[in-house]
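User: Please take a close look at the ligand site and what surrounds it. One connected answer will do, with the cut-offs stated.

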Amino acid sequence: MTGALQGATAGLYASARAPGKIILAGEHFVVLGAPAVSMAVNLHAFATAQATPDGELKVEANIPLSILGRGERASRPDTKELLEPFRLAARESLDSLERRKAGVSIEVECKIPIGAGLGSSAATAVAIIAATSRAYGAKLDRPRICQIAFGPESYLHGSPSGVDQATSTYGGLIQFSKPDKVKRLRLKRMPSILVCDTNVHRSTKGLVGSVVKRARSDSEAFRSRLSEVSEISASVVRALRRGDDVELGELMNRNHELLVQIGVSHPMLDKLVRAAREAGAFGAKMTGAGGGGCMIALCEDEEEAFRIGGVLRRRGGSPYLVSLDPAGVVSSTNGTVLK
Ligand code: PMV
């Protein structure tokens, strides 16, 4: 590692960009061992880092109130609390480079809605890790970035599976199994997916904790759901490869039903899921931790996604037309502005 750091320069400036994600199958059950299928999307977190080799660790974040959920705006956590996972991401990156006394000055901008199931915290952590290490002359490989991101992700989410940081780091469409198995899926045609925010925001930590508790107390029923979700994930991969939207939509519908059964959906999610199906989507489901946050709908094409998005907006949702981010985390040290 020291070799990689020989070029470290006081004040070297680096920047990084990392995408958010949607989960097509397997959220929550992935924490308990089922594979998940997820896709990086073109909503990003950005970080810049300046090395201060003998200095302090400073983090500034631009998190506009407009992208915090209503609940978070009302009980806005103090800045120190909001910034702690970001500090952890930077600190653990420096530790992994054996730069324990070094400092870094970080600026973060997150353009992914927060607390909405789109992986904003993981994307921010991944961008900080990549930028911090580049500011010290090291380009970490993807498995290492994912591993370091467990620190801040565990601080926020308790026991994360790792799917969020893996999707953000690798980009594209992946099948993921805990703790670090990533299979990239390359498709001829990408599905047209509409994302819609319920505008009801919540805490992933509480939801993941409730599922783990339920899995312990209701183990028989849980085991059967876990094996069904594992099969759904495998079938989702096959349907994606064949470009079979009808099959993929049905699998998404069934996955949503199982998430309802384990108590992580929300009436607003169920309402938007139903509305999307009635409006002609092949299938729809919540995505991410649930309890509010976002749902996704599989549409025939972009035009249909636009039309169905209009229907969901009239039902109180905030639709986003997203596309695949194929690159995952990208970083630079030459002052190139990442957009
Ligand atoms: O925090 P979210 O909403 O992006 O959801 C992450 C996915 C979960 O399966 C609910 C948790 C995990 O770590 O896998």
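Analyst: Helices (H or I, at least four residues) and strands (E, at least two) are DSSP runs, numbered from the N terminus. The model is predicted, so local features need pLDDT of at least 70 and side-chain atom pairs pLDDT 80 or more, while totals for chains, interfaces and linings use all residues. Residues are numbered from 1 along each chain as its sequence is written, and side-chain values use heavy atoms, with hydrogens and water left out.

The ligand has 18 residues around it, counted as near if one of their heavy atoms lies within 4 Å. Lys-21, Ser-161, Asp-164, Arg-202 and Thr-204 come nearest. By class, this shell holds seven nonpolar, seven polar and four charged residues (nonpolar: Ala, Val, Leu, Ile, Met, Phe, Trp, Tyr, Cys and Pro; charged: Asp, Glu, Lys and Arg; polar: the others, Gly among them). Three elements, β1 (13-25), α6 (163-170) and α7 (204-217), each give the shell at least two residues.

Oxygen atoms of the ligand have polar contacts (N or O pairs within 3.5 Å) with both side chains and backbone. For Ser-161, a polar side-chain atom lies 2.5 Å from a ligand oxygen; for Asp-164, the corresponding distance is 2.8 Å. Ala-289 instead places a backbone N or O atom 2.9 Å from an oxygen of the ligand. Taken alone, the ligand exposes 380 Å², and the protein buries 97% of that (Shrake-Rupley areas, 1.4 Å probe).

The shell also draws on two domains: domain 1 (2-186 + 327-332) and domain 2 (192-322) each supply at least three of its residues. These bounds come from an automatic or database domain assignment. The C-alpha centres of domain 1 and domain 2 lie 24 Å apart. Across the boundary, 37 residues of domain 1 are in contact with 41 of domain 2, contact meaning heavy atoms within 4.5 Å. About 3100 Å² is buried between the two domains, and carbon and sulfur atoms give 69% of that area (accessible area, 1.4 Å probe, lost when the parts are put together, summed over both). On the domain 1 side, Leu-24, His-28 and Phe-29 supply 24% of what domain 1 buries against domain 2, more than any other three residues.

Two backbone details in loops complete the picture. Pro-179 sits in the loop between β5 (173-177) and β6 (181-185), and the peptide bond leading to Pro-179 from Lys-178 is cis, with omega near 0°. Glu-98, in the loop between α3 (79-96) and β4 (103-110), has a positive phi near 60° although Glu-98 is not a glycine.

Technical notes
Polar contact = N/O pair within 3.5 Å; in protein donor to acceptor, adjacent residues only side chain to side chain.
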